[in-house]
Amino acid sequence: MFGNQLARRHLVVRWDLSEDQLFAVADATKDTLDRLEGRMQVKAYFTGTIESGAFALAKARLEALLSEYEALSGGKLEVDFVDPNFSTQALTEAQDYALTPYPAESFQGSQLVKQDIYLGLVLRYRRREAVIPFALPRNFETQFIQRVHDILREDRVVVGWHGEEPDAGAPTAHYGRFEQARAWLG
(Lines give C-alpha, C1' and ligand atoms only; values in the text may rest on other atoms or scores of the structure.)
Protein backbone atom coordinates (compact mmCIF):
# COMPACT_ATOMS: atom_id res chain seq x y z
CA MET A 1 0.00 0.00 0.00
CA PHE A 2 2.74 2.47 0.99
CA GLY A 3 4.73 1.53 -2.12
CA ASN A 4 1.70 2.22 -4.31
CA GLN A 5 1.25 5.67 -2.75
CA LEU A 6 4.93 6.50 -3.31
CA ALA A 7 4.77 5.34 -6.90
CA ARG A 8 1.58 7.30 -7.55
CA ARG A 9 3.12 10.49 -6.20
CA HIS A 10 6.62 10.24 -7.63
CA LEU A 11 6.55 7.98 -10.68
CA VAL A 12 3.99 9.74 -12.84
CA VAL A 13 5.54 9.85 -16.28
CA ARG A 14 3.75 11.79 -18.95
CA TRP A 15 4.97 13.21 -22.23
CA ASP A 16 3.17 15.60 -24.48
CA LEU A 17 4.08 14.59 -28.01
CA SER A 18 1.82 17.16 -29.66
CA GLU A 19 3.61 19.64 -31.90
CA ASP A 20 2.68 22.71 -29.85
CA GLN A 21 2.89 21.04 -26.41
CA LEU A 22 -0.87 21.50 -26.20
CA PHE A 23 -1.32 19.24 -23.19
CA ALA A 24 1.87 20.02 -21.27
CA VAL A 25 1.62 21.49 -17.78
CA ALA A 26 2.51 25.17 -17.89
CA ASP A 27 5.76 26.34 -16.32
CA ALA A 28 3.74 28.77 -14.17
CA THR A 29 1.85 25.80 -12.73
CA LYS A 30 5.09 24.00 -11.89
CA ASP A 31 6.53 27.18 -10.34
CA THR A 32 3.43 27.76 -8.23
CA LEU A 33 3.43 24.16 -6.96
CA ASP A 34 7.13 24.54 -6.13
CA ARG A 35 6.23 27.44 -3.83
CA LEU A 36 4.30 25.14 -1.50
CA GLU A 37 6.23 24.90 1.76
CA GLY A 38 3.86 22.62 3.61
CA ARG A 39 1.13 20.20 2.68
CA MET A 40 -1.89 21.46 0.75
CA GLN A 41 -5.00 19.33 1.01
CA VAL A 42 -7.36 19.16 -1.95
CA LYS A 43 -10.71 17.56 -1.32
CA ALA A 44 -12.40 16.65 -4.59
CA TYR A 45 -16.16 16.26 -4.29
CA PHE A 46 -16.67 14.12 -7.39
CA THR A 47 -19.64 11.95 -8.24
CA GLY A 48 -18.45 8.35 -8.17
CA THR A 49 -20.12 6.74 -11.17
CA ILE A 50 -21.16 9.18 -13.86
CA GLU A 51 -23.73 8.00 -16.41
CA SER A 52 -23.11 10.77 -18.96
CA GLY A 53 -20.25 9.88 -21.28
CA ALA A 54 -19.08 13.48 -21.69
CA PHE A 55 -19.00 14.12 -17.94
CA ALA A 56 -17.38 10.73 -17.27
CA LEU A 57 -14.57 11.71 -19.64
CA ALA A 58 -14.31 15.13 -17.98
CA LYS A 59 -14.04 13.51 -14.56
CA ALA A 60 -11.31 11.11 -15.77
CA ARG A 61 -9.35 14.04 -17.23
CA LEU A 62 -9.68 16.03 -13.99
CA GLU A 63 -8.52 13.05 -11.94
CA ALA A 64 -5.50 12.65 -14.25
CA LEU A 65 -4.62 16.34 -13.93
CA LEU A 66 -4.92 16.23 -10.15
CA SER A 67 -2.73 13.14 -10.07
CA GLU A 68 -0.15 14.91 -12.19
CA TYR A 69 -0.19 18.02 -9.97
CA GLU A 70 0.15 15.77 -6.94
CA ALA A 71 3.26 14.18 -8.45
CA LEU A 72 4.73 17.53 -9.53
CA SER A 73 4.33 18.89 -6.00
CA GLY A 74 6.77 16.34 -4.62
CA GLY A 75 4.31 15.12 -2.01
CA LYS A 76 3.20 18.59 -0.90
CA LEU A 77 -0.21 18.28 -2.55
CA GLU A 78 -2.58 15.64 -1.21
CA VAL A 79 -5.79 14.87 -3.07
CA ASP A 80 -8.71 13.12 -1.40
CA PHE A 81 -11.80 12.10 -3.40
CA VAL A 82 -15.26 11.89 -1.82
CA ASP A 83 -18.67 11.27 -3.39
CA PRO A 84 -21.49 13.55 -2.16
CA ASN A 85 -24.03 11.24 -3.80
CA PHE A 86 -22.82 8.34 -1.65
CA SER A 87 -21.84 9.91 1.67
CA THR A 88 -24.14 12.16 3.71
CA GLN A 89 -21.10 13.71 5.41
CA ALA A 90 -19.58 14.57 2.01
CA LEU A 91 -22.95 15.95 0.86
CA THR A 92 -23.20 18.19 3.94
CA GLU A 93 -19.64 19.44 3.42
CA ALA A 94 -20.31 20.08 -0.27
CA GLN A 95 -23.40 22.10 0.63
CA ASP A 96 -21.45 24.04 3.28
CA TYR A 97 -18.98 25.09 0.58
CA ALA A 98 -21.80 25.92 -1.87
CA LEU A 99 -20.75 23.17 -4.26
CA THR A 100 -23.85 22.63 -6.33
CA PRO A 101 -24.35 19.67 -8.62
CA TYR A 102 -24.88 19.98 -12.33
CA PRO A 103 -28.17 18.36 -13.37
CA ALA A 104 -26.99 16.26 -16.32
CA GLU A 105 -29.19 14.36 -18.71
CA SER A 106 -28.00 11.65 -21.06
CA PHE A 107 -29.48 8.84 -23.06
CA GLN A 108 -28.66 5.19 -22.51
CA GLY A 109 -30.28 3.53 -25.45
CA SER A 110 -33.73 5.09 -25.61
CA GLN A 111 -33.94 5.85 -21.89
CA LEU A 112 -33.30 9.35 -20.53
CA VAL A 113 -31.04 9.25 -17.48
CA LYS A 114 -30.93 12.23 -15.11
CA GLN A 115 -28.11 12.58 -12.63
CA ASP A 116 -26.75 15.28 -10.33
CA ILE A 117 -23.02 15.51 -10.97
CA TYR A 118 -20.52 16.97 -8.53
CA LEU A 119 -17.10 18.06 -9.78
CA GLY A 120 -16.14 20.61 -7.12
CA LEU A 121 -12.98 21.07 -5.09
CA VAL A 122 -11.92 22.64 -1.81
CA LEU A 123 -8.26 23.55 -1.32
CA ARG A 124 -6.85 23.96 2.22
CA TYR A 125 -3.43 25.30 3.15
CA ARG A 126 -2.31 26.82 6.42
CA ARG A 127 -5.80 27.78 7.63
CA ARG A 128 -6.73 29.26 4.25
CA GLU A 129 -9.28 27.82 1.87
CA ALA A 130 -10.30 28.24 -1.75
CA VAL A 131 -13.19 26.67 -3.62
CA ILE A 132 -13.77 25.62 -7.22
CA PRO A 133 -17.55 25.06 -7.33
CA PHE A 134 -17.58 23.06 -10.58
CA ALA A 135 -14.51 22.13 -12.59
CA LEU A 136 -14.18 21.24 -16.25
CA PRO A 137 -10.94 20.17 -17.96
CA ARG A 138 -10.85 22.94 -20.57
CA ASN A 139 -9.92 25.63 -18.02
CA PHE A 140 -9.04 23.57 -14.97
CA GLU A 141 -5.31 24.28 -14.91
CA THR A 142 -5.97 28.01 -14.85
CA GLN A 143 -8.73 27.72 -12.24
CA PHE A 144 -6.75 25.41 -10.00
CA ILE A 145 -3.43 27.20 -10.07
CA GLN A 146 -5.12 30.59 -9.60
CA ARG A 147 -6.70 29.28 -6.39
CA VAL A 148 -3.34 27.89 -5.23
CA HIS A 149 -1.69 31.22 -6.02
CA ASP A 150 -4.41 33.11 -4.10
CA ILE A 151 -3.89 30.91 -1.05
CA LEU A 152 -0.12 31.37 -1.19
CA ARG A 153 -0.35 35.15 -1.60
CA GLU A 154 0.67 36.88 1.61
CA ASP A 155 -0.78 40.26 0.73
CA ARG A 156 -4.53 40.18 0.40
CA VAL A 157 -6.26 42.22 -2.27
CA VAL A 158 -8.58 44.82 -0.78
CA VAL A 159 -11.17 46.77 -2.73
CA GLY A 160 -12.60 49.94 -1.25
CA TRP A 161 -14.97 52.72 -2.24
CA HIS A 162 -14.14 56.35 -2.14
CA GLY A 163 -16.93 58.77 -2.78
CA GLU A 164 -19.83 60.60 -1.31
CA GLU A 165 -23.25 59.19 -0.56
CA PRO A 166 -25.99 60.77 -2.67
CA ASP A 167 -28.21 63.32 -1.00
CA ALA A 168 -31.20 61.91 0.86
CA GLY A 169 -33.70 63.00 -1.79
CA ALA A 170 -31.53 62.33 -4.89
CA PRO A 171 -32.69 59.62 -7.29
CA THR A 172 -30.31 56.71 -6.87
CA ALA A 173 -30.81 55.58 -10.48
CA HIS A 174 -28.47 58.37 -11.63
CA TYR A 175 -26.00 58.40 -8.77
CA GLY A 176 -26.41 54.98 -7.25
CA ARG A 177 -24.71 53.44 -4.30
CA PHE A 178 -23.11 50.69 -6.34
CA GLU A 179 -25.04 48.00 -4.47
CA GLN A 180 -24.76 45.56 -7.37
CA ALA A 181 -21.01 46.15 -7.79
CA ARG A 182 -20.47 45.86 -4.05
CA ALA A 183 -22.35 42.57 -4.01
CA TRP A 184 -20.24 41.19 -6.86
CA LEU A 185 -17.00 42.25 -5.19
CA GLY A 186 -18.15 40.90 -1.83
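These are my notebook entries on a predicted model of one protein.

**Entry 1. Overall layout**

I began with the secondary structure and found seven helices and six strands in the protein. Reading along the sequence, I noted the order α-α-β-α-β-α-β-β-β-β-α-α-α. I then looked up burial: of the 186 residues in the protein, 32% are buried. For the contacts, I took those with a separation of 6 or more, and 66% of them join residues 24 or more positions apart.

**Entry 2. The nonpolar cores**

Which residues have the most contacts inside the largest nonpolar core? I listed Met-40, Val-42, Leu-66, Leu-121, Leu-123, Phe-140 and Phe-144, in a core of 30 residues. I next asked which elements give two or more residues to this core. They are strand E1 (40-46), helix H3 (53-72), strand E2 (77-82), E5, E6 and H5. H5 supplies the largest share, six residues. I also recorded a second, separate core of seven residues, with Tyr-45, Val-82, Ala-90 and Leu-99 among them. As background, I noted that nonpolar side chains tend to be buried together in soluble globular proteins.

I followed Val-42 further as one of the core residues with the most contacts. Leaving aside neighbours within four places in sequence, I found Val-42 in contact with Leu-66, Leu-77, Glu-78, Val-79, Asp-80, Leu-121, Val-122, Leu-123 and Phe-144.

**Entry 3. H3 against H5**

At what angle do H3 and H5 pack? I read an angle of about 45°, with the axes 11 Å apart. The two helices are therefore oblique to each other, because an angle is called roughly parallel under 35 degrees and roughly perpendicular from 65 to 115. The crossing of H3 past H5 is right-handed. On the H3 side I noted Leu-62, Leu-65, Leu-66 and Tyr-69, which meet Phe-140, Glu-141 and Phe-144 of H5. Sorted by class, the residues of this contact are six nonpolar, no polar and one charged. Three residues of this contact, Leu-66, Phe-140 and Phe-144, I had already listed in the largest core.

**Entry 4. H2 against H5**

I then turned to helix H2 (residues 27-34), which packs on H5 at about 35° with the axes 10 Å apart. Here the crossing is left-handed. H2 contributes Thr-29, Thr-32 and Leu-33, and H5 contributes Glu-141, Ile-145, Val-148, His-149 and Leu-152. By class I recorded four nonpolar, three polar and one charged residues. Glu-141 appears in the contact of H5 with H3 and also in the contact of H5 with H2.

**Entry 5. Leu-72**

I looked up Leu-72, which lies in helix H3. Its relative accessible area is 32%, so I entered Leu-72 as partly exposed. Not counting residues up to four places away in sequence, Leu-72 touches Val-25, Lys-30, Leu-33 and Asp-34. I also checked Leu-72 against Asp-31: the two are 41 residues apart along the chain, and their C-alpha atoms are separated by 9.9 Å. Leu-33, which Leu-72 touches, is also one of the H2 residues in the contact with H5.

**Entry 6. Phe-134 and Gln-143**

Where is Phe-134 found? I placed Phe-134 in the loop between E6 and H5. Its relative accessibility is 22%, so Phe-134 counts as partly exposed. Setting aside residues up to four places away in sequence, I found that Phe-134 touches Phe-55, Thr-100, Tyr-102, Ile-117, Tyr-118, Leu-119, Gly-120 and Gln-143. Phe-134 and Tyr-118 are 16 residues apart in sequence, and I noted 7.1 Å between their C-alpha atoms.

I followed the contact to Gln-143, which lies in helix H5 (residues 140-152). Is Gln-143 buried or exposed? Gln-143 is buried, because its relative accessible area is 17% and the cut-off for buried is under 20%. Beyond its neighbours within four places in sequence, Gln-143 is in contact with Ile-132, Phe-134, Ala-135 and Leu-136.

**Entry 7. The loop between E5 and E6**

Last, I examined the loop between strand E5 (119-125) and strand E6 (128-132), where Arg-126 lies. Phi of Arg-126 is near 50°, a positive value in a residue other than glycine. Arg-127 lies in the loop between E5 and E6 as well. Arg-127 is not a glycine either, and I read a positive phi of about 65°. Arg-126 counts as exposed at 52% relative accessibility, and Arg-127 is exposed at 88%.

Definitions and conventions
Residues numbered from 1 in each chain as written. Predicted model: local features only at pLDDT ≥ 70, side-chain atom pairs only at ≥ 80, totals over all residues. Heavy atoms only, no water. Helix = DSSP H or I, 4+ residues; strand = E, 2+ residues; numbered from the N terminus. Buried < 20%, exposed > 50% of the residue type's maximum accessible area, 1.4 Å probe, protein only. Contact = heavy atoms within 4.5 Å. Core = buried A, V, L, I, M, F, W, Y, C linked by side-chain atoms within 4.5 Å. Axes fitted to C-alpha atoms, helices over the stretch in contact; angles between N-to-C directions. Parallel < 35°, antiparallel > 145°, perpendicular 65-115°, else oblique. Left-handed = near helix turned anticlockwise from the far one by under 90°. Nonpolar A, V, L, I, M, F, W, Y, C, P; charged D, E, K, R; others polar.
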